[in-house]
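Grab a coffee and open the viewer. Here are some short exercises, each with a solution worked through step by step.

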Amino acid sequence: MAAHSHRLQVENLSFAYGATAVLRGVSFTVRPGAVTTLMGANACGKTTLLLLMTKNLKPDAGRILLDGRDIAALRLRDFAKRAAIVHQKNTAPDDLSVEQLVTYGRTPHISPFHSRSAEDGARVAWAMAATGIADIARQPMGTLSGGQRQRAFIAMALAQDPKLLFLDEPTTFLDIRYQVETLRLIRALNAEHGITILMVLHDINQAAVYSDEVIALKDGVVLAQGPPREVVTDETVFAMYGVRLPVRADGERIWVLPV
Amino acid sequence: MKAAGKQLLTGMLVCAVLAGLTALLFFASLKIGSISVTWAQLWHGLFTAYDPRVAAIHDLRFPRVIIALLAGGMLSASGLFLQAALKNPLADPGIIGIAGGAAFTAAVVAAFFPMLYFSKPIFAFIGGIMAFLLIYRLAWKGSLDPVRVILVGVAVSAVCAGLSEALFGMSTSGGVSPPVSGLSQRSWSDVRQLALYAAGGLPAAVLLAPACNLLALEDRTVRGLGVNADFLRGLISAVAVLLVSAATAIIGVVGFLALIAPHMARRLVGSDHRILTPCCVLLGAFILLAADTLGRVLAAPAEISAAVLMNVLGGPFFIILLQRGRRVGRS
């Protein structure tokens, strides 16, 4: 678990669905070893950006570099060994055990006609331990709570042994307790295992507390990037969401009362 | 690992029991019929001395029984794979018109190019693939909506059936009789033809079982694991279409089997395709042979075809699935 992290650069990225431009010349660099959060109003291009960065969509213009190499030139499988993504919507058969699901995370490392090695087993065990689901390894997915399910899918992504972990709104379908649990887990994965995190969050306060860096998007362009203290300001919040909200500082923390 | 191991073990046990039952049924249906012989007579007639009654069984009943087993297994595996590829528990190659497309091109070959009789399954495969692509294209709206697939499929199925009927009409007036279908009057050359495709398609299905497991996740998740989900879907669909086309070329369209067997198999051994695929093949072989044997017995000396029996039993089963699907969809 080397602390060496990959460097992700987005250069002048543009993308349109048909005639609807979603991203217009987006550029930023994700700080290696940090937790970065993409923020912005609905339909500002967050999820599209995440899909482009994970080779699910192809950019119309611009490029995305992973350690200086254009990801368009990387094979899907090689990309999956370096970066993993936890999508917002996840499905799995109800009778699939947690361990079987997490084992799927080894797919990019296993050639189709080879059986799993001891390293694969160790990596799966590690991923389950890191996400606190080792004790439910044998339970079928259909019996899990929302929070446990989310952790199982995060564990699957971890089993890929990524240096870079993408998460698309990892808290959306969870109640507040599991939201906090999931965000703390993400923070811990970053702190203890040096995994660079890039996630999309809706909640400004959660973004401010759990991120080292925030990228604010508006109408397909980057409005601001930097530490939460610098980005989460009256002006940026208003520019992003079109509503005036009071931003308060409370010692180290800043927060917004979203009412 | 123990839970998964236990599931796999239970699955293997179920498969062993199914294989045993199928073997019993195989011998029983060899004996059942208008010509009756004892086991001893059968044994001697086959291996030591010529016996005209056993010779008749060898030429008529053996091929029929073997074809029922092979076609039953192939159709069921085809249904299972289509369900996995289209993420649609209702996908049945008979209902959504793939078998209809295969049957039509096979009929064209039989009517106009009788010299190509022995490559009928290949032409059936072409027809099956065309029907599949048509359904896929027409039902695709960013993703495949399960109900849309069924609706489009029913239309494609009706068009193919109509074309086949029209072809029979034309060919009878032209003095060509419609090609025989169903399980009666099958010969050893049919067995050899079908066995060729079963020998290719069924092992391919077993090899692709882990790929079916992956496709049970969201496509984006599969891509995230470094696997091209669309490529997998194409591969799995191609095997499914090959299996159903070859079987249809020999025995005609049999509906519902490809729907019933996978669902029953899932109930028995769960959703892991590594064990589900062999279980489904065995179950399909058993069900089609049972239907054919029953059809020979129920109204003897007249026969009810296995396809008709499958429709009578399968229709209600399909409705139950639709009802349950609706409830699941709402919850």
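Before the first exercise, one convention: axes are lines fitted to C-alpha atoms, for helices over the stretch in contact, and angles run from 0 to 180 degrees between N-to-C directions. Keep in mind that this is a predicted model.

**Exercise 1. A helix pair in chain A**

Work out how helix α4 (residues 118-130) of chain A and helix α5 (residues 146-159) of chain A pack.

Solution.
- Step 1: take the geometry. The axes of α4(A) and α5(A) are 8 Å apart, and the angle is about 140°.
- Step 2: classify the angle. Angles over 145 degrees would count as roughly antiparallel; α4(A) and α5(A) are therefore oblique to each other.
- Step 3: get the hand. α4(A) and α5(A) cross in the right-handed sense.
- Step 4: list who touches whom. From α4(A) come A:R123, A:V124, A:A127, A:M128 and A:A130, while α5(A) supplies A:A155, A:L158 and A:A159.
- Step 5: sort these by type. The contact of α4(A) with α5(A) has seven nonpolar residues, one charged and no polar.

**Exercise 2. A helix pair in chain B**

Now do the job for helix α3 (residues 52-86) of chain B and helix α9 (residues 229-251) of chain B.

Solution.
- Step 1: α3(B) and α9(B) pack with axes 8 Å apart, at an angle of about 150°.
- Step 2: that angle makes α3(B) roughly antiparallel to α9(B).
- Step 3: the crossing of α3(B) and α9(B) is left-handed.
- Step 4: α3(B) contributes residues including B:I67, B:M74, B:F81 and B:A85, and among those from α9(B) are B:R233, B:I236, B:L243 and B:I251.
- Step 5: by type, the contact of α3(B) with α9(B) splits into 18 nonpolar residues, two polar and one charged.

**Exercise 3. The four-stranded sheet**

In which order do the four strands of the open antiparallel sheet in chain A run?

Solution.
- Step 1: the order is β2-β1-β4-β5 (chain A).
- Step 2: find the edges. β2 (20-30) and β5 of chain A each pair on one side only.
- Step 3: look at the β1/β4 pairing. Strand β1 (residues 8-17) of chain A and strand β4 (residues 61-66) of chain A are antiparallel and share five bridges, and A:S14 has A:A61 as its bridge partner in β4(A).
- Step 4: move on to β5. Strand β5 (residues 69-70) of chain A runs antiparallel to β4(A), joined by two bridges: A:L65 partners A:D70, and A:L66 partners A:R69.
- Step 5: check the turn. β4(A) and β5(A) make a hairpin with two residues between them, and A:D67 in that turn has a positive phi of about 55°.
- Step 6: add the helix. α1(A) lies across β1, β2 and β4 of chain A, at about 65° to β2(A).

**Exercise 4. The six-stranded sheet**

Which strands of the six-stranded open sheet in chain A stand at the edges?

Solution.
- Step 1: write down the order, β6-β7-β8-β3-β9-β10 (chain A), with mixed pairing.
- Step 2: β6 (83-86) and β10 (221-226) of chain A are at the edges with a single partner strand each, so one side of each has no neighbour in the sheet.
- Step 3: on average, neighbouring strands here are turned by 15° against each other, direction ignored.
- Step 4: zoom in on one pair. Strand β7 (residues 164-168) of chain A and strand β8 (residues 196-200) of chain A are parallel, with five bridges, and A:L167 sits opposite A:M199 in β8(A).
- Step 5: helix α1 (residues 46-53) of chain A packs on this sheet too, touching β3 (35-39), β7, β8 and β9 (213-218) of chain A; its direction makes about 145° with that of β7(A).

**Exercise 5. Where the chains meet**

How many residues of chain B are in contact with chain A?

Solution.
- Step 1: 18 residues of chain B touch 23 residues of chain A.
- Step 2: on the chain B side, α1 (2-31) and α8 (219-224) are the elements giving two or more residues.
- Step 3: α8(B) has the largest share, four residues.
- Step 4: by type, the chain B side has eight nonpolar residues, six polar and four charged.
- Step 5: for the complex, the predictor gives an ipTM of 0.89 and a pTM of 0.89.

**Exercise 6. Confidence in chain B**

Which element of chain B has the lowest mean pLDDT, and which the highest?

Solution.
- Step 1: start with the whole chain. Chain B averages a pLDDT of 85, and 93% of the residues score at least 70.
- Step 2: helix α12 (residues 306-330) of chain B is lowest at 74, and helix α11 (residues 273-298) of chain B is highest at 93.
- Step 3: over residues 327-331 of chain B, pLDDT stays under 50, and the model has zero contacts beyond four places in sequence for them.

Technical notes
Residues numbered from 1 in each chain as written. Chains lettered and ligands numbered in written order. Predicted model: local features only at pLDDT ≥ 70, side-chain atom pairs only at ≥ 80, totals over all residues. Parallel < 35°, antiparallel > 145°, perpendicular 65-115°, else oblique. Left-handed = near helix turned anticlockwise from the far one by under 90°. Contact = placed C-beta atoms within 7 Å. Nonpolar A, V, L, I, M, F, W, Y, C, P; charged D, E, K, R; others polar. Pairing = 2+ DSSP bridges. pLDDT = per-residue confidence, 0-100.
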